[in-house]
Amino acid sequence: MRKKDFWSGLVLVLSALAFLAASLRLPWRDTGYDWFGSPGFVPAILAGFLSLGGIRLMLRSRAGGAFYDSLAATPDPCACDAPEDAAESAGEREPAVPAWMRSEPLRGALTVALCGAYVFLLMGRLPYIPATFLFLAGFILVFRGAGLPRSGVIGAAASVSIWFVFYKIFAVFLP
Amino acid sequence: MSLSTLFSEFFALMTPGTIFNAFWATGFGIIVGMLPGLTATMGVALLTGLTFRFMPEQAMVVLISTYVGAIYGGSRSAILLNIPGTPANAATCLDGHPLARRGEAGYAIGLATTSSAIGTLFGLVCLAIFSPLLGAIALKFGSWEFFVLSIFGIIICGNLTAPRDPLKGWIAGIVGLLLSQVGQDPIQAIPRFTFGELQLMGGLSLIPVLVGAYGVGEIIEVMQRPIDYTVRSVVRRVIPPLADLLRYWKTILRSGVIGVIIGAIPGVGEDTASWIAYDTAKRFSDHPEEFGRGSHEGLIAAETANNACVGGAIIPVLTLAVPGSAPAAVLLAAMWLHGIRPGPLLPIEQPLFIATVTAIFLLSTIAMTVLGLALVRPLVKVLQISRTILMPVVFALCCVGSFAVSGRMFDVHLMFLFGILGYFMRRNDFPAAPMVLGFILGPMADDNFRRAMIITGGDITPFFTRPLSVVLWLLTLAVVLSRSALVRGWLASLARRRSR
């Protein structure tokens, strides 16, 4: 977490400086009010506080060994999965998944890539039903949720159902 | 609000269409809540876009029923899988799952259902009593108080949602405040941080931001785990004897009060309420050793508090236009979308609206209890759907929900980008709730701060001298100091001296 905090702090400081620079470029005079009526006033203050937060995070990650030790020693009050319970209740539902797909970063990246492809490449370029069908069937197939025929059937049924329920019944605009 | 007003509003809701909407939306909420990875916020945000064409009252019925159902529904997966369906049910795992492992899954579900129903009823009673009272206080708020209130909300929300490292909670709040500044400023309509992009002139829309941060972030997180979940517990008797509940009346009452108070604090929400109620119940219990090993009292405390919190979270929404929790923030946005203006003037502009909301709560509590007790086995079947099938369908629905509000692909892209941001925030222990709260309170903070400065000609002293502002600053200071190692050490040494 120390390393992550350092990089998070750096990103925050850089973002805050970008916001500060953009705030200072907004009109501060001739707004009809004094300088405190400027649209850049509040964002500049917020950017200042954000950069302070980021600097604090960076400094802590460099010098706060005791803090990270105490953090590691304190149980997360918002977690409830006792290891033995998790093992008891969690079973392997996807035995056909190959070994390379058990890598967490890879699974995360694959999810982002598939969702990104749907949002940026399929939606708006193809009609709603084919675009959603391709995404759903592809996603299920890639993650070995079902074989090719079943993925296709689920993809077709789900995309037509969404279109029918939301476009025909709820009269909602679809992409 | 008189009882007769409440009941007349309740009976006015008793049309077949409204009852149908309340039941399907509660059922939808229960399913959303019980599926790990889908949260109450996401469920309400999704339906906000999808009920855009509904009449305002019917949209409120759908959204409130979904909210109530989702907070309750999460207890199912907590009991059966030891995975909380929503963060609000994390404390339920501790005693709910050991009960299921002892073969008392049905009994635990029944206990959770009745506790949730009692909690929701407690919340709605407080909503009916305290909303008009808080509304009367809110009428005394000026720009100074509204600004200090937004700072107070961010600080306390950051503090409670990141209990181990509040600095990250506060940073997330400031990020939300900064992101809300994108678009035309509210006083002079000067574009800020828009880079000449027309789509950014109106600012970043709330629904895509919420759906992205809570929904898409969660989808990535769930899909990342290499192992799926499965149900192994057997469900038998469901309805718990009344005597079992009466035995814990003190715990129920205490947890209800905690739930409502935590709910009314801006942005904090049901998860914190259930943890605090659980911890308090353990401290006051005659059998604290049973907690974590299948204690009925622990399960009742957690489930009563998280559902009582729903009513509590709506109180500041209606009276101050400040959300008490993340799903309440979506509800606030939905009210704005439907032309309802929550805030101090609501009782004047729409005198019956608070009674209508309370009546909707009553209807959704009935729907939740009926569906919760009647559909135990069919709902367990839902948990057997594989996440590899469920998650892409949920993502497709997230896209529909984000697109539906403004009909812009830009909002879908925004949702996706906020999903990635939300995912990285989780991985780095930054809570999403303060960011979302900051995003909602940002325009209020900016507008009121500058307005106050313009009124006083640049004098900042009224921010620190007006009585209500002083109270809010003192509370904020107490929250910040409570996290200081120096103050905690001093308090600990004081306690040690007293014990001697």
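Biologist: Hello! What relative accessibility does B:Arg451 have in this structure?

Modeller: Happy to start there, and please keep in mind that the model is predicted. A residue counts as partly exposed between 20% and 50%, and B:Arg451 falls in that class because its relative accessibility is 37%.

Biologist: Which residue does B:Arg451 form a salt bridge with?

Modeller: The closest N and O atoms of this pair are 2.7 Å apart. The partner sits four residues away in helix H20 of chain B, so about one helical turn separates the two. At 18% relative accessibility the partner counts as buried. The residue you asked for is B:Asp447.

Biologist: How many salt bridges are there over all chains?

Modeller: Side chains of opposite charge can pair when their charged atoms come close. Counted over all chains, the number of salt bridges is 14.

Biologist: How many residues apart in sequence are the parts tied together by B:Asp446 and B:Arg192?

Modeller: These two form a salt bridge, with 2.8 Å between the closest N and O atoms. B:Asp446 belongs to helix H20 (residues 432–456) of chain B and B:Arg192 to strand E2 (residues 191–192) of chain B, so the bridge joins parts whose separation in sequence is 254 residues.

Biologist: Are B:Asp446 and B:Arg192 buried or exposed?

Modeller: B:Asp446 has a relative accessible area of 0%, and B:Arg192 has 2%. Values under 20% belong to the buried class, so B:Asp446 and B:Arg192 are both buried.

Biologist: Which residue meets B:Glu218 in a salt bridge?

Modeller: The N to O distance in this bridge is 2.5 Å. It links distant parts of the chain, 208 residues apart: B:Glu218 is in helix H9 (residues 206–224) of chain B and the partner in helix H19 (residues 409–427) of chain B. B:Glu218 is buried at 13% relative accessibility, while the partner is partly exposed at 27%. That partner is B:Arg426.

Biologist: Which residues are linked in a network of salt bridges?

Modeller: Here residues of chain A and chain B take part in one network. Its members are A:Asp5, A:Arg60, B:Asp165 and B:Lys168.

Biologist: Which residues touch the most other members of the largest nonpolar core?

Modeller: In soluble globular proteins, nonpolar side chains tend to be buried together. The core in question has 199 residues, and the two that touch the most other members are A:Tyr118 and B:Phe395.

Biologist: Which helix gives the largest share of this core?

Modeller: The largest share is 14 residues. They come from a helix of chain B that covers residues 56–81, namely H4.

Biologist: Which chain A residues does B:Phe395 touch?

Modeller: Leaving aside residues up to four places away in sequence, B:Phe395 has contacts in chain B with B:Val216, B:Ile219, B:Met415 and B:Phe416. In chain A, it touches A:Cys115, A:Tyr118, A:Val119 and A:Phe135.

Biologist: At what angle do helix H11 and helix H12 of chain B pack?

Modeller: H11 covers residues 249–264 and H12 residues 270–284, and their axes are 9 Å apart. The crossing of H11(B) and H12(B) is right-handed. Residues making the contact include B:Ile258 of H11(B) and B:Ala277 of H12(B). The angle asked for is about 145 degrees.

Biologist: How many helices does chain A have?

Modeller: Along the sequence, chain A reads α-α-α-α-α-α-α. It has zero strands, and its helices number seven.

Biologist: What is the phi of B:Ala321?

Modeller: Most residues other than glycine have a negative phi. B:Ala321 is not a glycine, yet its phi is positive. It lies in the loop between helix H13 (296–320) and helix H14 (326–337) of chain B, and is buried at 14% relative accessibility. Its phi is near 60 degrees.

Biologist: Where is B:Asp429 found?

Modeller: B:Asp429 also has a positive phi, of about 65 degrees, although it is not a glycine. Its relative accessible area is 36%, so it is partly exposed. In chain B, it is found in the loop between H19 and H20.

Key. Residues numbered from 1 in each chain as written. Chains lettered and ligands numbered in written order. Predicted model: local features only at pLDDT ≥ 70, side-chain atom pairs only at ≥ 80, totals over all residues. Heavy atoms only, no water. Salt bridge = Lys/Arg side-chain N within 4 Å of Asp/Glu carboxyl O. Buried < 20%, exposed > 50% of the residue type's maximum accessible area, 1.4 Å probe, protein only. Core = buried A, V, L, I, M, F, W, Y, C linked by side-chain atoms within 4.5 Å. Contact = heavy atoms within 4.5 Å. Axes fitted to C-alpha atoms, helices over the stretch in contact; angles between N-to-C directions. Left-handed = near helix turned anticlockwise from the far one by under 90°.
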